[in-house]
Amino acid sequence: MTLRDAAKKIFFLEILKGLALTFRTMINRPVTRRYPKVKREPFMGFRGRHAFVRDPGTGREKCVACLKCSIVCPSQCIRIEYKETEERRVLEKYEIEALRCVFCGYCAEVCPVCALVLTEVYEYADYTREQFLFDRERLLKNWDDFSSGLKTGAYFNKFWRLSGIDINRMPVGKRLQQSVQVKQKEFLSKESFDKGRAA
Amino acid sequence: MEQMDIEKDLQTKGLILNMGPQHPATHGVLRLMLHLDGETVVKCTPYVGYLHRGTEKLCENRTYISALPLMDRLDYISSMANDVGYCVAVERLFGIEPPDRAKYIRTMMCEMTRISSHILWLATHALDMGAMSVFLHSFREREWLLDLFEMITGARLTVSYPRIGGVRCDVNREFLESLYKFTEEFPKRIEEYETLIDQNRIWLQRTKGIGVISARDAINCGLTGPTLRGSGVSYDVRKHEPYDAYDQVDFEVPVGKNGDVYDRYRCRMEELRQSNRIIRQCIKKMPDGPILADNSPELDMPAEGHRKLIPEMSLSHACISLSDECESIAPAGEFYSAVEVPKGELGFYILSDGSGKPYRMRLRSPSFVHASALPRLCRGHMVADVIALIGTIDIVLGECDR
């Protein structure tokens, strides 16, 4: 054993070094967030709560009942019922069991008309299981909740048209997909406020 | 003489101790039945299956591409590596060659996963041994990596990012710059971890000479990954059967000497540095080009050979145009493919009958094999060392029980 090693042993040098690092960290800026008060902003394209995009034109969902989402869904949590009229399919029932969902985002990716989206909402705990059976109205409500909190007026989800994928592989509905125009709360309230003043 | 009399009167009896499945140090729901003599382990029997979800059976009812998100849930702290392993297996079965850019992206992502998995291993392993501060330090870096994953894939743990024949979406410049900043910063952070525990005498006493397994025994037990390399066997699937871009990057396979807990710890620490090196090379060499092979299956790939086109469909272009004469989707046959995940060698044995679903899928998960080596490792050690030994084999029960 050299003198150096002996000194290390006697004076607990390696432990002191570690402790020095620990104490140094105490005066650094904390890396943690105080979560319920300070919320983390998820990145664009985070796969959170499901929503139906509300079509600004019709005010309804855009779903054409092609059943692709229910076919690709790995956990098979999407249930669709539709009836056929002469020119098109009419959606009758659309249900997503959010408790079974694995949030892979395949449904949003495969949807040919970009009707479905996994929004960036990640806080939706609730007390009953029924709250997690998202039907048509609930999905549209999810969209309203989500879009009212958006900072920009136009929204485009990453999974509707994934970057780097050859556009020729996509159906036309996806190729032509534009950002969805979202009416914002502030905008709405200002408008109604102006209306009120005019009256 | 008096002492002898007292000992004769005392009745000593073996004790059976159930450790787990709800024990914080068993890294999940592992149950160990320990036969104790005093505080020495005479026999150790691991019981697995508390987290069984039937992944192999579930795969049989899903198309190759729909089964991919299930692979995230095998080893949920290194989900990207599992996905890549699965995709490599299915690509080899289908005969699809992913484009170069996809290969580099995957290699990069795999190594990011390796870092985040090894960091988590270090954190929990050190926590089990009583070194709390390493845990806090290493979670800081892990958070950085998870943020990077989220930026590209849209999820922090269950990424579902690779795709058969490529990757799901392209990486952007912002991501690569942030990742490069991470790789510049990370070697300093590894040194921080090492400052905390590497020469610490408590750490050395609890790790050196514990759970020694010779190279011969390790091979016979079927150990792979850093657990095997700690015993001095330089076996790494990335080197021996390169997949993706591993044959185009330069890295070393660190090996240990004694095959004890400390050597396996050293191996993993060196691997962190090597992974960092691989990521840097990947960023520098990243070629441009497509990220998905032309002949890769679509997301809604058919499960059966014939796919009926539905003429009434209002958006008929939405339907994929698989020609009617296409009989089989995947080549029929049996096939084994393995990749190196952070834990060891993850193998996929696919039995294909030509349809879009695997007829049978068997997973060779490293955690399961490593758990089976626990009785061999634990014998003759103290109860406190069992904690160190569970930590050192880096077991994740999600993968073990599948």
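These legends go with a set of close-up views of a predicted model with chains A and B.

**View 1. Where chain A and chain B touch.**
Let's start at the meeting place of the two chains. Chain B puts 32 residues into the contact, and chain A puts in 38 residues. On the chain B side, the elements that give two or more residues are α3 (68–72), α6 (132–153) and α7 (173–197). Which of them gives the most to this side of chain B? That's α6(B), with four residues. If you sort the chain B side by class, you get 14 nonpolar, 10 polar and eight charged residues.

**View 2. How the two chains are split into domains.**
Take chain A to begin with: domain 1 covers 1–31, and domain 2 covers 50–181. Their C-alpha centres lie 55 Å apart. Now for chain B, where domain 1 runs over 2–47. Domain 2 of chain B comes in two pieces of sequence, 55–296 and 323–357. Between the C-alpha centres of these two chain B domains there are 36 Å.

**View 3. An open sheet of three strands in chain B.**
Here you can follow three strands side by side in the order β1-β2-β3, with antiparallel pairing, in an open sheet. Why is one side of β1 and of β3 left without a neighbour in the sheet? Both β1 (15–19) and β3 (40–47) of chain B stand at the edges and have a single partner strand each, so one side of each has no neighbour there. On average, neighbouring strands of this sheet are turned by 20° against each other, if you ignore direction.

**View 4. Strands β2 and β3 of chain B, and a helix lying across the sheet.**
Zoom in on β2 (residues 31–37) and you'll find seven bridges joining this strand to β3(B), with the two running antiparallel. One pair to look for is B:H35, which stands opposite B:K43 in β3(B). The hairpin of β2(B) and β3(B) has two residues between the strands, and B:G38 takes a positive phi near 70° in this hairpin. Helix α15 (residues 383–392) of chain B lies across β1, β2 and β3 of chain B. This helix runs at about 150° to β2(B).

**View 5. Strands β6, β7 and β8 of chain B.**
Strand β6 (residues 333–341) and strand β7 (residues 344–352) of chain B run antiparallel and are joined by nine bridges. They form a hairpin, with two residues between them. Want a pair to find? B:V339 has B:L346 in β7(B) as its bridge partner.

β7(B) also pairs with strand β8 (residues 358–364) of chain B, again in the antiparallel sense, over six bridges. Which residue of β8(B) is the bridge partner of B:G347? It's B:R364. Also look for B:L351, which stands opposite B:R360 in β8(B). The hairpin of β7(B) and β8(B) has five residues between the strands, and here B:G354 takes a positive phi near 95°.

**View 6. Inside the largest nonpolar core.**
How many residues does the largest nonpolar core have? The count is 145 residues, and those with the most contacts inside this core are A:C107 and A:C111. Helix α5 (residues 100–128) of chain B supplies the largest share, 14 residues. Go back to A:C111 and check its neighbours: leaving out residues up to four places away in sequence, A:C111 touches A:K68, A:C69 and A:L116.

**View 7. An arginine in helix α12 of chain B.**
The last close-up is centred on B:R266, which sits in helix α12 (residues 261–285) of chain B. Is B:R266 buried or exposed? B:R266 has 22 other C-beta atoms within 10 Å, and 20 or more are needed for a residue to count as buried, so B:R266 is buried. You can also pick out B:V255, which is 11 residues from B:R266 in sequence. In space, the two are 8.6 Å apart, C-alpha to C-alpha.

Terms used: Residues numbered from 1 in each chain as written. Chains lettered and ligands numbered in written order. Predicted model: local features only at pLDDT ≥ 70, side-chain atom pairs only at ≥ 80, totals over all residues. Contact = placed C-beta atoms within 7 Å. Nonpolar A, V, L, I, M, F, W, Y, C, P; charged D, E, K, R; others polar. Domains from an automatic or database assignment. Pairing = 2+ DSSP bridges. Axes fitted to C-alpha atoms, helices over the stretch in contact; angles between N-to-C directions. Core = buried A, V, L, I, M, F, W, Y, C linked by C-beta atoms within 7 Å. Buried ≥ 20, exposed ≤ 12 C-beta atoms within 10 Å, placed from the backbone.
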